[in-house]
Every structure is written in structure tokens, then in C-alpha cells.
Amino acid sequence: MSDADPPSPSRFVASIRRLPGAWMDAALPVGLLLLLLTFAFAPQASWWWIWVWLQLPVYMLHQWEEHAGDRFRNWVNLKVGRGATLLTPLDVVVINLIGVWCVFAVALVLAVRVQPGFGLIAAYCVLVNAAVHIIAGVKLRSYNPGLLTSVVLFVPVGGACIAELQRQGHGALAMHATGVGVAVAIHAAIVVTALRRKRA
């Protein structure tokens, strides 16, 4: 096959199969790039928009701490599952690409096009995830993958986003309920999946 030939279906399938082990390679550089782009948008953007925008690159940096080297999945399977497979590599891909990247992108679009309060979805996803890591750290009295960025990045950035949206008058009760509801639903789905595997 020459370089000009289109990729064959088998090569495409092979690339998809490599995704569970390769997606993390993009999180750190793309997260840093998005952070740098913030400076390009900042002069003409509202503060609430900047804080909503920052949720995704901050989460990508968190993902690098959490999942590089498959750290978090191995930690969950060892500490929570006691050797049982509660999370698979595919679970990690679906959770982080769809449950985080796609959800945050949709939240930003809705915030810009429909109602700024939809940005609370991303902020509450950040804070709920931080709470899970912090509670696990306190309960087990040990570090878990993702704990450092949860404390250093998630708590201040997520909190600032909620505070700014509230200050700008975009924090209606329905918007807060939507943000909390989506965040809790995503994390509950992860827990239910893990518990089903543990019982099996």
C-alpha cells in the first residue's frame, strides 16, 4: 500500500483498539494548549465564559495525573475491588471522552447559545469529582490518583466558576439543580457499573 492510499478498514479497527491505551497521550498537551488559548480569548470574553471554558483544560490536567500509566483503574481494581476488575480500559475511555470531554463541550455550547447557567454542569462535575477523590483520601488515609489536582485545581477553579455565574445572575435554582443532577448522574453510573462487576 502506498502512502497515498486511504487507510484500510483493518487499520482503522486496529487504531480504535489502541484507543484505551493511547487516549491519555492527548490529555496533557491538549489541556495545556487550551489553557494557553485562554489568553487569546480573555480580552473580549466575559469572566463567566472564561471560568466555564477553564473547566475542560483543568480536567484534562487532572486526567493526566489520574490515568497516565493506567493508575486510577489499577488503584480502583486493587483498593476497591480487592483484585476484581471493576473498571476496564474501555470503561475509562467512555467515562473520560464521553462523560467528560463531550459533556463539557456541550455544556459550554449551551452556556454560550442558550443560557450561561448551563456552565454549572461542568463546574459541578469538577467539584463532585474532587469530593470523591478527597473523601477517598480521607477515608483510606492515603493518596489516590487524581487527588492532588482535585485539591489544587478542581476546588478553586470549579468554585470560582460557580461564584462568577452566581454573581452575574446566571445561577438560578433550576440551573444549579441541572448541574448537580448531571454531575451526580455521571458519577452514579460509574459506581453502579463497578458494583455490578463486583457482585458478578
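Let me begin at the surface, where Tyr143, Leu148, Val151 and Val152 form a nonpolar patch with about 390 Å² of accessible area together. Please bear in mind throughout that this is a predicted model. Within the patch, Tyr143 sits in the loop between α7, residues 120-140, and α8, residues 147-167. Its relative accessible area is 45%, so Tyr143 is classed as partly exposed.

I turn now to the chain as a whole. Its secondary structure amounts to nine helices and zero strands. The chain has 200 residues, of which 42% count as buried. The accessible surface comes to about 11,100 Å², and carbon and sulfur atoms account for 69% of that area. As for the contacts between residues at least 6 apart in sequence, 73% of them join residues at least 24 apart.

Next, the charged pairs. How many salt bridges does the structure hold? There are three, and I shall take them in turn.

The pair I would discuss at most length is Arg197 with Asp91, whose side chains meet in a salt bridge at 2.4 Å, N to O. Arg197 lies in helix α9 and Asp91 in helix α6, so this pair ties together parts that are 106 residues apart in sequence. Helix α6 covers residues 89-113. Is Asp91 buried or exposed? Asp91 is buried, because its relative accessible area of 14% falls under the 20% limit. Arg197, by contrast, is partly exposed, at 32%. Leaving aside neighbours within four places in sequence, Asp91 is in contact with Leu86 as well as Arg197.

The second pair is Asp70 and Arg73, where the side chains form a salt bridge of 2.9 Å, N to O. Asp70 is partly exposed, with 25% relative accessibility, while Arg73 is buried, at 14%.

The third pair joins the side chains of Arg167 and Glu164, at 2.8 Å, N to O. Why are these two residues about one helical turn apart? They are three residues apart in helix α8, which accounts for that separation. Arg167 is exposed, with a relative accessibility of 59%, whereas Glu164 is buried, at 10%.

I move on to His187, which is found in helix α9. His187 counts as buried, at 14% relative accessibility. A polar atom of its side chain lies 2.8 Å from the backbone oxygen of Ala183. Not counting residues up to four places away in sequence, His187 touches Cys125, Val128, Asn129 and Val132.

One of those contacts brings us to the cysteines. Cys125 is buried, at 3% relative accessibility, and Cys161 is buried as well, with 0%. How many disulfides does a search of the whole structure find? The result is zero.

Finally, let me draw your attention to Gly171, in the loop between α8 and α9, the latter spanning residues 173-199. Gly171 is buried, with a relative accessible area of 13%. Which residues does Gly171 touch, not counting those up to four places away in sequence? They are Leu120, Leu165, Gln166 and His176. Gly171 and Gly117 are 54 residues apart along the chain, yet their C-alpha atoms are separated by 5.7 Å.

To close, I return to the pair of Arg197 and Asp91, which links helix α9 with helix α6, and to the surface patch that includes Tyr143. Thank you for your attention.

Technical notes
Residues are numbered from 1 along each chain as its sequence is written. This is a predicted model: local features need pLDDT of at least 70, side-chain atom pairs count only at pLDDT 80 or more; totals for chains, interfaces and linings use all residues. Side-chain values use heavy atoms; hydrogens and water are left out. Patches are made of residues with over 30% relative accessible area and no salt bridge: like charges are joined within 9 Å, nonpolar side chains (Val, Leu, Ile, Met, Phe, Trp, Tyr) within 5 Å. Accessible areas come from the Shrake-Rupley method with a 1.4 Å probe; for residues, only the protein chains shown count as cover. A salt bridge is a side-chain nitrogen of Lys or Arg within 4 Å of a carboxyl oxygen of Asp or Glu. Helices (H or I, at least four residues) and strands (E, at least two) are DSSP runs, numbered from the N terminus. Buried means under 20% relative accessible area, exposed over 50%, partly exposed in between (1.4 Å probe, protein chains only). Contact means heavy atoms within 4.5 Å. A disulfide is a pair of cysteine sulfur atoms within 2.5 Å. A polar contact is a pair of N or O atoms within 3.5 Å; within protein, one must be able to donate a hydrogen and the other to accept it, and residues adjacent in sequence count only if both atoms are side-chain atoms.
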